[in-house]
Every structure is written in structure tokens, then in C-alpha cells.
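Please work through the following exercises with the sequence and the model at hand. Each task is followed by a solution in steps.

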Amino acid sequence: DVYKRQTVDMPAQASTPPKLRITGLSKSFQKDSGTVHVLDGIDLSVDPGQFVSVIGPSGCGKSTLFNILAGLMPHDRGDIALDGQAVPHLRGKVGYMLQRDLLMPWRSVIDNVVVGLEVRGHPRRQSLEQARHYLNMFGLSQFENAFPKELSGGMRQRVALARTLLPDPDILLLDEPFSALDYQTRLFLEDLLIETVEQSGKTVILVTHDIDEAVALSQKIFVLSARPGRLKNIHDIAIGTHSPIDARRDPNFIRHFEALCAELDIQTTTMARAS
């Protein structure tokens, strides 16, 4: 039997709504040269506890979609529903992690991790206890009083991930969080991410240009077209392991990888010969 990674056991109720449903979402920007249509009628549905990816050509509106969901910019048309309830955005309900760690250089590791709870007015002692739980989980306990400049890139991203998780968001939005790291560090952090969100039952949406990463991590991949971004296709990923490293050895991995490359018109001749 194929085990679909990250699936959280939910009661068998036909009425259970998706965790997130996006319907007809559109966004344009006014430029001196005229109107730039970025997103056009995007429809997405993500179930509770799913790990999904959004891929597409550069400029297709992936980051714009995340900024709309996070409440950083309004959309022009369309609807967003969280747990079946209409909402204007997901501000306060999502953790948003970017490619850059955006750690505050003047704050220690632990003070960077607790900043989300701090701005919400949570008691500091309780926040520090919760932060130390994540630092211990991510192998950073001995660095809690260090400053960002003293950490490697992979360690900084672990701190950023702990900061994203600490406020216990309903949904994680990950915008190419590992793309600037070397491959070995990326594999380590992918495995750490999967283990962490699997334990907590988080719903995760990853934006990435890396098809390899999308297949290794995701249960479902949404493919967007070139600008204006439209939903081009949905790929259900059937891989028999939840380990991102083992996933790359799965017989189905290359099939999914090549199908997505073909979808995006990326040549895979060399890889096909090697397989």
C-alpha cells in the first residue's frame, strides 16, 4: 500500500471541509506601462495535515499568492475559506517562512525565536520554555545565547523554522526556505521539517522552483502557468515513504519528476538516460 506522507488521521466524515480552499483568486498591479495581471482565477484546495507544493515558471505569481494569504496585500477577486469559513486572509493563522532567514542580528537566538509570541504579549517565561523545546528539538540548545552572525546558514534556517512554528499556526507557508543552502544541508532540513510537521499535524504549503524538492516532500503539487498564473494541473504524489531522502530512491520518484518536468517544458533527456 502507498503511504501518502503527512496524512493526519481524520474522522471519516464526508462533511469535513478542506483546511484551506481558494476559489477564483485574481490579482493585478497597476504599472506605468499598464495593468499587469499576475494571478487569474486560482482554485486550490488543501486538506488538514497535507503537505502540498506550488510550482511554476518564474513570475507566475507564487509569492504574490502567499502575500495575499498572509494578509500582506489584498486580492482583487475570489474567495478564501479556512476550515469552511470565509475569511479575507489568513493573517494570524499562518506561519510564513521565506528564503532569507530575516533574523534580527542584535537579538540572540532564543530572543529571535520568541519574537512572534512577544509581539502578541505572551508571558516571557512561558515563551522561553516553549522556545527551548524547539531549540532542543532542532539541536540548537547550546546556541540559544549566540547571535545570528555566529551561526551557519543551515543553523540560521533552523532558528527561522523554530520562530515560524512557535506561535502554533494553523498553516505553514514556506517560500523557498532552503533554496540558498547547500544540498546536504537542504536534505537535513527537509527531513527535520517533515518530522516536525508530521508530529504536530500542520498543514504546509511550499512554494519552490525545485521540482526534486517538491516531489520529495509533497503529497500534492499544484502547477501554475506562466503569468498570469492560472492553475494548470494537479499532481497527486504516490511515494511509499515519508523520508525525503528515501523518497528520492522510490521507483515512483522519477516518474513524478519527469511528468512535472514535461509539464513545465524542462528537458530531462540526461536524467532519463541515467535511469
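**Exercise 1.** Determine which way strands β3 and β8 run and how many bridges join them.

*Solution.* In this predicted model, β3 and β8 (residues 203–207) run parallel and are joined by four bridges. As a specific contact to locate, Ser 53 has Leu 206 of β8 as its bridge partner. Next, turn to β9 (residues 220–224): four bridges join this strand to β3, and the two run parallel. Here Ile 55 stands opposite Val 223 of β9.

**Exercise 2.** Establish whether the residues of β3 are buried or exposed, and assign them to the faces of the strand.

*Solution.* Apply the cut-off for burial, under 20% relative accessible area. Five of the five residues in β3 (residues 51–55) are buried. Then sort them by side: Phe 51, Ser 53 and Ile 55 lie on one face, with Val 52 and Val 54 on the other. Both faces of β3 are therefore covered, given that a residue under 20% counts as buried.

**Exercise 3.** Describe the largest pocket by its volume, its lining and the elements that supply it.

*Solution.* Begin with the space: the largest pocket holds about 490 Å³. Its lining comprises 20 residues, and Val 94, Gly 95, Tyr 96, Arg 163 and Thr 164 are the closest to the centre. Now trace the lining to its elements: β6 (94–97), α3 (115–119) and α5 (153–165) each provide at least two residues. The largest share, four residues, belongs to β6. Finally, classify the lining: twelve residues are nonpolar, four polar and four charged.

How values were computed
Residues numbered from 1 in each chain as written. Predicted model: local features only at pLDDT ≥ 70, side-chain atom pairs only at ≥ 80, totals over all residues. Heavy atoms only, no water. 1 Å grid on protein atoms, 1.4 Å probe; cavity = no way out; pocket = protein on both sides within 12 Å on 5 of 7 lines; lining within 4 Å. Points joined across faces, edges and corners; volume = space filled by probe spheres on them. Nonpolar A, V, L, I, M, F, W, Y, C, P; charged D, E, K, R; others polar. Buried < 20%, exposed > 50% of the residue type's maximum accessible area, 1.4 Å probe, protein only. Pairing = 2+ DSSP bridges.
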